[in-house]
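The following paragraphs lead through a single protein chain, from the packing of its helices to its charged contacts and its surface. Please keep the sequence and the model in view while reading.

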Amino acid sequence: MESAPEGEVSARADLVSALVWMAVGGAIAIGAWRMDRLEHLHINKYEVPGLVPGLLGSAVLLLGIMLAVRSIRRGALGPAKPAARSGWTYTALVMAAMLAYSVVFVGHGLPFWLATGVFVTAFIFFFDRRRQSGLGRSTARQLLLALACGVATSATISFAFQEIFYVRLP
């Protein structure tokens, strides 16, 4: 039996991921729909608290459906084919990194802008390293690109939430 090429995720693994994303997106959309619309405060319908989470949840649900359709077209419902490497390791590392960011960095005194800048920089540097080295970039250049993205992301998010949406960040 021949294994899949290095780095290729099987169609069946994509289908499982799609089902998880569909469940997450659906749960977010349903939770947003059930949120109080604050009608008694005469809130504009475009400013209700659940609007953005509902749109984001719906987008995640739609993307999950698209991934499921693609994986079924690629043979996800057929006989299983062994893959060289599972994406679950990366998924677990990504989830752990996001949990550390939200609970440890932001939750314990680091200013939001600093925690976000450090997180985005580290995330891009470590998780995109294999692809970047394949492009012939040095480690120093990879770090500089990740740092530029981290600083830009942190500044943009902080500015947008504090100055445009008037949301006080931790």
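The crossing of α1 and α2 is of the left-handed kind, meaning that the near helix is turned anticlockwise from the far one by less than a right angle, whereas a clockwise turn would make a crossing right-handed. The model is predicted, with local features requiring pLDDT of at least 70 and side-chain atom pairs counted only at pLDDT 80 or more, while totals for chains, interfaces and linings use all residues. Residues are numbered from 1 along each chain as its sequence is written, and side-chain values use heavy atoms, with hydrogens and water left out.

Two packed helices are described by the angle between their axes and the distance between those axes. For α1 and α2 the angle is about 160 degrees and the axes are 7 Å apart; here axes are lines fitted to C-alpha atoms, for helices over the stretch in contact, and angles run from 0 to 180 degrees between N-to-C directions. α1 is thereby roughly antiparallel to α2, a term for angles over 145 degrees, with those under 35 counted as roughly parallel, 65 to 115 as roughly perpendicular and the rest as oblique. Leu 19 is located in helix α1. Between Leu 19 and Ala 68 the C-alpha to C-alpha distance is 7.1 Å, although 49 residues separate them in sequence. Leu 19 is partly exposed, its relative accessible area being 49%; buried means under 20%, exposed over 50% and partly exposed in between (1.4 Å probe, protein chains only).

What salt bridge does Arg 70 form? Its partner is Asp 14, and the closest N and O atoms lie 3.0 Å apart. Because Arg 70 lies in helix α2 (residues 51-73) and Asp 14 in helix α1, this pair ties together parts that are 56 residues apart in sequence. A salt bridge requires a side-chain nitrogen of Lys or Arg within 4 Å of a carboxyl oxygen of Asp or Glu. Asp 14 is buried, at 11% relative accessible area, whereas Arg 70 is partly exposed at 44%. Arg 74 also meets Asp 14 in a salt bridge, at 2.7 Å from N to O. Arg 74 lies in the loop between α2 and α3, so this pair ties together parts 60 residues apart in sequence. Salt bridges with shared partners thus join Asp 14, Arg 70 and Arg 74 into one network. The structure holds two salt bridges.

A second packed pair consists of α3 and helix α4 (residues 112-127), at an angle of about 165 degrees and with axes 10 Å apart. These two helices are therefore roughly antiparallel to each other, and α3 passes α4 in a right-handed crossing. Helix α3 (residues 88-105) contains Trp 88, which is partly exposed with a relative accessible area of 47%.

Trp 88 also belongs to a nonpolar surface patch with Val 16, Val 20, Trp 21, Val 24 and Ile 28, together offering about 540 Å² of accessible area. Helix α1 (residues 11-34) supplies the largest share of this patch, five residues. Patches consist of residues with over 30% relative accessible area and no salt bridge, with like charges joined within 9 Å and nonpolar side chains (Val, Leu, Ile, Met, Phe, Trp, Tyr) within 5 Å. Accessible areas come from the Shrake-Rupley method with a 1.4 Å probe; for residues, only the protein chains shown count as cover.

Overall, the chain has six helices and zero strands, where helices (H or I, at least four residues) and strands (E, at least two) are DSSP runs numbered from the N terminus. Of its 170 residues, 22% are buried.
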